[in-house]
Amino acid sequence: MKLKVLTASLLIACSTLYAQTVEVKDAWVRATVPGQKGTGACMNITAKDGAKLVGASSPVAGVVEVHEMKMDGDIMRMRAVPVLELPAGQTVQLKPGGYHVMLMELKQGLPKDSTVPLTLRLQDAQGVETRMEVSVPVSTTAPGAKAAGKAAEHGAHQH
C-alpha cells in the first residue's frame with residue numbers, strides 16, 4: 001500500500017513540475033449570443049522544454065477540439081488537429097483565423113466577463129501526458145484589443 005501512495009505522490013509531483021514548464025498567457029474565450037452552440041478559445045502557449053497539445057476539455061462544452069483554420073484555394077477551412085506541436089521555448093499563438101480551441105455543443109451561454117474552466121492535455125517528449133487547468137475569461141475581444149483601440153482613437157484626434 002505504501003508503494004502505491006508513494007507512486008501516486010511522485011506522479012502528481014512530476015505532472016505538477018511538468019505543467020510549470022508550460023505557460024499560458026493572454027487566454028480568452030469569445031462570448032456567445034443566446035442559442036449559439038460553439039465558440040473559440042485563444043491563448044499564447046510556451047513550452048520551455050517542448051511539448052504537444054494533444055487535447056482539451058471543459059465542463060461547459062460537450063466537445064472540445066484543437067482546430068486549425070487555413071486557406072484552401074479561395075476557401076477558408078477549419079479542421080480538427082489531433083496534435084499541436086509546442087516547440088521548445090517558442091510561443092505558439094492560438095488565435096482567430098489560425099489555431100484555436102473549439103468549444104462545441106455548449107451546455108450554456110458564455111456571457112462577457114464570466115470565466116470558463118479549460119483543461120489542456122499536454123504530452124512531453126517521452127510521451128508522458130499531463131493536464132493543465134486554466135480559468136479563461138470570456139470576452140468579446142482579445143486581451144489588450146480595447147486598450148489598443150482607444151489609444152488609436154485618441155491618436156486620431158488633433159490637439
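Q: Which residues does Asn44 touch, leaving aside those up to four places away in sequence?
A: Contact is judged by heavy atoms within 4.5 Å. In this predicted model, Asn44 touches Glu23, Val24, Lys25 and Asp26, and also Thr91, Val92 and Gln93.

Q: Which side chain makes a polar contact with the side chain of Asn44?
A: A polar contact requires a pair of N or O atoms within 3.5 Å. Here the partner is Asp26, whose side chain lies 3.3 Å from that of Asn44 in such a contact.

Q: Is Asn44 buried or exposed?
A: The general idea is a cut-off: a residue is buried under 20% relative accessible area and exposed over 50%. Asn44 counts as buried because its relative accessibility is 17%.

Q: Where does Asn44 sit, and how many residues of that strand, E2, are buried?
A: Asn44 belongs to strand E2, which spans residues 38–47. Of the 10 residues in E2, 9 are buried, and the strand is thus mostly covered.

Q: Which strands pair with E2, and in what sense do they run?
A: Two strands are taken as paired when at least two bridges are found between them. Strand E1 (residues 22–30) runs antiparallel to E2, and 6 bridges join the two. Strand E7 (residues 91–94) also pairs with E2 in the antiparallel sense, over 4 bridges. Strand E8 (residues 99–106) is antiparallel to E2 as well, with 4 bridges between them.

Q: Which residues stand opposite one another in these pairings?
A: One can follow each pairing through an individual residue of E2. Cys42 is the bridge partner of Trp28. Met43 has Leu94 in E7 as its bridge partner. Thr39 stands opposite Leu103 in E8.

Q: Which residue of strand E8 has a positive phi although it is not a glycine?
A: To read this feature, one takes the sign of phi together with the residue type. Glu105, placed in strand E8, has a phi of about 55 degrees and is not a glycine. With a relative accessibility of 52%, Glu105 counts as exposed.

Q: What is the phi of Asp113, and where is this residue found?
A: The same reading applies outside a strand. Asp113, a residue other than glycine, has a positive phi near 75 degrees. Asp113 is found in the loop between E8 and strand E9 (115–123).

Q: Why does Asp113 count as exposed?
A: The cut-off for an exposed residue is over 50% relative accessible area. Asp113 counts as exposed because its relative accessibility is 66%.

How values were computed:
Residues are numbered from 1 along each chain as its sequence is written. This is a predicted model: local features need pLDDT of at least 70, side-chain atom pairs count only at pLDDT 80 or more; totals for chains, interfaces and linings use all residues. Side-chain values use heavy atoms; hydrogens and water are left out. Buried means under 20% relative accessible area, exposed over 50%, partly exposed in between (1.4 Å probe, protein chains only). A polar contact is a pair of N or O atoms within 3.5 Å; within protein, one must be able to donate a hydrogen and the other to accept it, and residues adjacent in sequence count only if both atoms are side-chain atoms.
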